[in-house]
Amino acid sequence: MIPEEFPATAARLCAACGMCCDGTMFQIVRMQPGEVPAELGRLGLKMRCRDGEYFMEQPCSALVEKRCTIYEKRPVRCRLFNCQQLGKVERGESAAAEAMAMIVETRSMVERVKNLIEQCGLREDGQDLVTRYERVMHTPVNEALEPEMVSVREELDETMRKLKLRLNREFRVPPISH
Ligand code: SF4
Ligand code: SF4
């Protein structure tokens with residue numbers, strides 16, 4: 001890929017995805033030295049503090065229709081993050097169309113997981129996907145009263161397992177070892 005073309009291509013891919021901002025891939029985003037949590041909070045981000053460490057919760061409240069509405073002022077980690085799909089396109093290791101196909105297929109797995117969570121009785125409540133999945137799986141089911149729930153749960157568990165694998169293999173960036 002011609003380097004000048006990459007920003008527009010990345011913007012197009014991200015506009016179809018949003019998974020690193022919408023609570024699919026991450027539960028929190030840690031603040032970095034020099035960042036002012038109060039300023040980010042004033043932008044509407046859900047800032048939290050635990051043991052003196054600031055982070056923001058996901059899904060990110062600045063994400064609207066898969067676009068960052070505070071792009072110029074987004075946190076440092078957001079600026080530094082390029083998922084594996086974007087990285088491969090930037091390095092010329094895969095075509096934009098391949099990355100788009102991967103995004104579309106993965107998003108459809110996410111939608112299936114959300115649908116199954118709803119079938120299990122948990123409506124969309126603004127929490128990240130893993131938390132919602134775990135809440136469902138930790139809720140006891142009475143097999144005698146709700147036999148159909150057993151197969152829904154099994155499908156949810158299996159689809160979530162595959163989704164987690166895919167996000168790790170194809171989207172998250174492995175930590176750099178020193
Ligand atoms: S996971 Fe990758 S393609 Fe998707 S929004 Fe984030 S950076 Fe963009
Ligand atoms: S601030 Fe913008 S880039 Fe960062 S998580 Fe929120 S929507 Fe995504």
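Reader: Which handedness does the crossing of H5 and H7 have?

Author: In this predicted model, H5 and H7 cross in a left-handed sense.

Reader: How should the rest of the geometry be read?

Author: A pair of packed helices is described by two quantities, the angle between the axes and the distance between them. Here the axes of H5 (residues 96-119) and H7 (residues 147-170) come within 9 Å, with a crossing angle of roughly 150°. Angles over 145 degrees count as roughly antiparallel, so H5 and H7 are roughly antiparallel to each other.

Reader: Which residues make the contact?

Author: From H5, they include Met-102, Thr-106, Met-109, Val-110 and Arg-112. From H7, Val-152, Glu-155, Leu-156 and Thr-159 are among them. By class, the contact of H5 with H7 has 10 nonpolar, three polar and five charged residues.

Reader: Now the ligands. What surrounds ligand 1?

Author: The surrounding residues are Leu-13, Cys-14, Cys-17, Gly-18, Met-19, Cys-20, Asn-82, Cys-83, Gln-85, Leu-86, Ile-103 and Phe-171. Nine of the shell residues are nonpolar and three are polar, with no charged residue.

Reader: Which helices each supply at least two residues of that shell around ligand 1?

Author: Helix H1 (6-15) and helix H4 (84-90) do.

Reader: And how do the residues of the shell around ligand 2 divide?

Author: Nine are nonpolar, none is polar and one is charged. The residues around ligand 2 are Cys-21, Val-29, Cys-60, Ala-62, Leu-63, Cys-68, Ile-70, Arg-74, Pro-75 and Cys-78.

Note on methods
Residues are numbered from 1 along each chain as its sequence is written. Chains are lettered from A and ligands numbered from 1 in the order in which they are written. This is a predicted model: local features need pLDDT of at least 70, side-chain atom pairs count only at pLDDT 80 or more; totals for chains, interfaces and linings use all residues. A residue is near a molecule or strand if its C-beta atom, placed from the backbone, lies within 6 Å of it. Helices (H or I, at least four residues) and strands (E, at least two) are DSSP runs, numbered from the N terminus. Ala, Val, Leu, Ile, Met, Phe, Trp, Tyr, Cys and Pro count as nonpolar, Asp, Glu, Lys and Arg as charged, and the others, Gly among them, as polar. Axes are lines fitted to C-alpha atoms, for helices over the stretch in contact, and angles run from 0 to 180 degrees between N-to-C directions. Angles under 35 degrees count as roughly parallel, over 145 as roughly antiparallel, 65 to 115 as roughly perpendicular and the rest as oblique. A crossing is left-handed if the near helix is turned anticlockwise from the far one by less than a right angle, and right-handed if clockwise. Two residues are in contact if their C-beta atoms, placed from the backbone, lie within 7 Å.
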